[in-house]
Amino acid sequence: DVDAARRVVADDDDGKAVILSDGPITRTLERNPFGENLENKGLKFHEIWETDRNPVPLDRRTLAPTDGEIPGKVAKGGTKARIIDYPKRDRVTILNSAPLLNYMIVLEGQAYHRQGPGKETLISKGDIVVNRGSAVSIWNRFEETCRIADVAVDGEYVGDLKSHEPW
């Protein structure tokens with residue numbers, strides 16, 4: 001589904017950079033990992049890489065840590081890199097209201113980034129959204145699938161910030 005290769009680079013036994021793995025992204029989730037109560041037919045999560053702590057232990061042999069216990073969720077203290085395909089939808093169905101820092105880069109298509117009822121911004125190929133734990137959603141009202149590269153980093157609400165209720 002994703003016309004992209006995942007190349008994993010690390011140092012060999014002599015301390016020189018080498019490609020350990022060069023191949024397609026092999027794990028795709030075609031369901032909603034954020035809750036079965038949300039209808040997301042056609043939504044695809046192409047899992048690239050995940051970590052379960054920070055700092056990340058770097059070694060010479062780890063090839064594919066993309067088999068977390070909870071698909072779609074970011075481990076406490078961890079990160080998750082993925083490509084998400086958002087098909088055309090008649091209504092908003094994905095809502096992020098978790099303590100995550102998300103770096104989202106639009107690779108193909110366009111969609112609306114919603115910050116609540118009546119508050120939305122059109123995002124298109126090349127646009128970058130940095131979401132700092134706010135309740136947001138992506139709503140694709142166009143015929144073309146919107147493909148977004150997303151790197152999610154576990155976060156923690158501090159001060160008077162707290163988990164958001166859906167709108």
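**Notebook: second pocket and the six-stranded sheet**

**Pocket.** I started with the lining of the second largest pocket, which by class has seven nonpolar, four polar and three charged residues. (Ala, Val, Leu, Ile, Met, Phe, Trp, Tyr, Cys and Pro count as nonpolar, Asp, Glu, Lys and Arg as charged, and the others, including Gly, as polar.) Caveat for myself: this is a predicted model, where local features need pLDDT of at least 70 and side-chain atom pairs pLDDT 80 or more, while totals for chains, interfaces and linings use all residues. Residues are numbered from 1 along each chain as its sequence is written, and side-chain values use heavy atoms, with hydrogens and water left out.

I looked up which residues lie nearest the centre of this pocket: of the 14 that line the pocket, they are Arg 132, Gly 133, Glu 156, Tyr 157 and Leu 161. (A pocket is an open set of points on a 1 Å grid over the protein atoms alone, where a 1.4 Å probe fits, with protein on both sides within 12 Å along at least five of seven lines; lining residues have an atom within 4 Å of a point.) I noted its volume as about 250 Å³, meaning the space filled by probe spheres set on the points, with points joined across faces, edges and corners. Strands β6 and β11 each supply at least two residues of the lining. (Strands are DSSP E runs of at least two residues, numbered from the N terminus.)

**Sheet.** Next I traced the open sheet of six strands and got the order β3-β4-β5-β11-β6-β9, with antiparallel pairing. (Two strands pair if DSSP finds at least two bridges between them.) β3 and β9 (128–132) stand at the edges with a single partner strand each, so one side of each has no neighbour in the sheet. The twist averages 25° from one strand to the next, taken between N-to-C directions of lines fitted to C-alpha atoms, on a scale from 0 to 180 degrees.

I then walked the pairs across the sheet:

- β3 (residues 27–29) meets β4 over three bridges, and Thr 28 stands opposite His 46.
- β4 pairs with β5 (residues 79–86) over seven bridges; there the partner of His 46 is Ile 83.
- β5 and β11 (residues 146–154) share eight bridges, with Asp 85 opposite Arg 147.
- β11 pairs with β6 over eight bridges, and Asn 102 faces Ala 152 in β11.
- β6 (residues 100–108) joins β9 through five bridges; Leu 101 stands opposite Arg 132, the residue I had already met at the pocket.

**Burial.** How many residues of strand β4 are buried? I found six of the eight (residues 44–51), so the strand is largely enclosed by the rest of the structure. (Buried is under 20% relative accessible area, exposed over 50%, partly exposed in between, with a 1.4 Å probe and protein chains only.)

Lys 80 caught my eye in β5, since its 1% relative accessibility makes this lysine count as buried. Its side chain makes a polar contact of 3.1 Å with that of Glu 47. (That is a pair of N or O atoms within 3.5 Å, one able to donate a hydrogen and the other to accept it; residues adjacent in sequence count only if both atoms are side-chain atoms.) I also logged that Lys 80 and Asp 154 are 74 residues apart in sequence, with 8.7 Å between their C-alpha atoms.

**Odd bond.** Most peptide bonds are trans. From Asn 54 to Pro 55 I noted a cis one, with omega near 10°. Pro 55 lies in the loop between β4 and β5.

Notes:
Helix = DSSP H or I, 4+ residues; strand = E, 2+ residues; numbered from the N terminus.
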